[in-house]
Amino acid sequence: MFNILLVFGTELNFKVEQKCVSLHEFSKKQIDVLLYAYLYGKEHGFGYTMAAIAWQESCSGEYLLNFQDPSAGIYHALVPGVIKKYTKYKDSNFLRNIIGQMLISNPEFASSIALDELKYWQRVRKGNFKSIIKSYNKGFSWEKNHRANRIATNYYHDIDRKIKALQTFIPKKLKHYDYKTPSLELDYSIKKEAKFNPYKKDSKTPTYYLLKEK
């Protein structure tokens with residue numbers, strides 16, 4: 001339990017737990033995130049994979065920011081990497097704040113980045129799923145660095161286990177799920193088709209002038 005003494009003598013008590021609850025203990029909001037990720041990636045062959053990454057990285061939307069990387073959003077996209085790949089601007093603290101907020105507040109934007117990354121590694125790794133997931137986590141570094149390879153391999157095993165669990169869990173939820181019910185706080189919308197393109201403006205989404213045009 002942490003105790004923080006605030007201005008005017010007010011004391012704030014809160015508990016910090018560094019773990020994700022069991023899949024079967026997920027809240028409605030967490031299930032919304034899982035299903036959103038699954039449906040976003042499904043038509044591209046990455047439905048269960050994106051749901052598993054969302055579970056692995058943010059506990060399905062519970063922890064959306066990591067200052068250490070720094071990374072943000074459902075899938076914890078590396079903020080400097082997003083800036084380098086998707087903008088024409090030089091990396092800066094201000095720009096990191098903007099991109100981080102976009103990843104956190106817009107699940108469609110975060111999902112488009114994650115899917116684009118998976119599809120990139122699918123091409124590079126010629127469809128080898130294990131290599132795709134290891135590369136999603138550690139890029140090219142795991143090929144030549146023993147420590148990076150160990151971390152990437154462990155990441156692959158974590159994702160693989162989560163996919164197996166989700167292959168049973170998600171179909172049961174989809175069978176009786178109310179698609180009109182919005183999730184909490186981040187206003188996720190569950191939809192069967194998501195076609196947001198990070199490179200091109202879309203009339204259904206806000207305009208982001210930092211992104212490259214096609």
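**Figure 1. Packing of helix 6 against helix 7 in the predicted model.** Helix 6 spans residues 129-138 and helix 7 spans residues 146-175. The two helices pack at an angle of about 120°, and their axes are 8 Å apart. Their crossing is right-handed. On the helix 6 side, the contact is made by Phe129, Lys130, Ile133, Lys134, Tyr136, Asn137 and Lys138. On the helix 7 side, these residues meet Ala148, Asn149, Ile151, Ala152, Thr153, Tyr155, Tyr156, Ile159 and Ile163. By residue class, the contact of helix 6 with helix 7 comprises ten nonpolar, three polar and three charged residues.

**Figure 2. Helix 6, its ends and its buried residues.** At the N-terminal end, helix 6 is capped by Asn128. A side-chain oxygen of Asn128 lies 3.3 Å from the backbone nitrogen of Lys130. Within helix 6, the buried residues are Ser131, Ile132, Ile133, Lys134, Ser135 and Tyr136. These buried residues pack against helix 2, helix 5 (107-124) and helix 7. Of them, Ile133, Lys134 and Tyr136 also appear in the contact with helix 7. After helix 6 comes Gly139, which has a positive phi, near 60°.

**Figure 3. Ser141 in the loop between helix 6 and helix 7.** Ser141 is partly exposed, at 35% relative accessibility. A polar atom of the Ser141 side chain lies 2.7 Å from the backbone oxygen of Lys138. Lys138 belongs to helix 6 and takes part in its contact with helix 7. Ser141 is also placed relative to Ala152: the two are eleven residues apart in sequence, with a C-alpha to C-alpha distance of 9.3 Å. Ala152 is one of the helix 7 residues that meet helix 6.

**Figure 4. The disulfide of Cys20 and Cys59.** The structure contains one disulfide. The sulfur atoms of Cys20 and Cys59 are 1.9 Å apart. The link is right-handed, with 80° about the S-S bond. Cys20 sits in the loop between strand 2 (11-14) and helix 1 (28-42), and Cys59 in the loop between helix 2 (47-58) and strand 3 (65-66), so the disulfide ties together parts 39 residues apart in sequence. The partners differ in burial class: Cys20 is partly exposed, with a relative accessible area of 32%, whereas Cys59 is buried at 5% relative accessibility.

**Figure 5. Surroundings of His76, in the loop between strand 4 (71-72) and strand 5 (77-78).** His76 has a relative accessible area of 13% and is therefore buried, since the cut-off for that class is under 20%. The side chain of His76 reaches the backbone oxygen of Tyr63 at 2.6 Å. Neighbours within four places in sequence being left aside, His76 is in contact with Glu57, Ser58, Tyr63, Leu64, Leu65, Asn66 and Ser71. Among these, Glu57 and Ser58 fall in helix 2 (47-58), while Leu65 and Asn66 form strand 3 (65-66).

**Figure 6. Leu39 of helix 1 and its position relative to Ala51.** Leu39 lies in helix 1. The residue is buried, with a relative accessible area of 6%. Leu39 and Ala51 are twelve residues apart in sequence, and their C-alpha atoms are 8.7 Å apart in space.

Conventions. Residues are numbered from 1 along each chain as its sequence is written. This is a predicted model: local features need pLDDT of at least 70, side-chain atom pairs count only at pLDDT 80 or more; totals for chains, interfaces and linings use all residues. Side-chain values use heavy atoms; hydrogens and water are left out. Axes are lines fitted to C-alpha atoms, for helices over the stretch in contact, and angles run from 0 to 180 degrees between N-to-C directions. Helices (H or I, at least four residues) and strands (E, at least two) are DSSP runs, numbered from the N terminus. A crossing is left-handed if the near helix is turned anticlockwise from the far one by less than a right angle, and right-handed if clockwise. Contact means heavy atoms within 4.5 Å. Ala, Val, Leu, Ile, Met, Phe, Trp, Tyr, Cys and Pro count as nonpolar, Asp, Glu, Lys and Arg as charged, and the others, Gly among them, as polar. A disulfide is a pair of cysteine sulfur atoms within 2.5 Å. Buried means under 20% relative accessible area, exposed over 50%, partly exposed in between (1.4 Å probe, protein chains only). A polar contact is a pair of N or O atoms within 3.5 Å; within protein, one must be able to donate a hydrogen and the other to accept it, and residues adjacent in sequence count only if both atoms are side-chain atoms.
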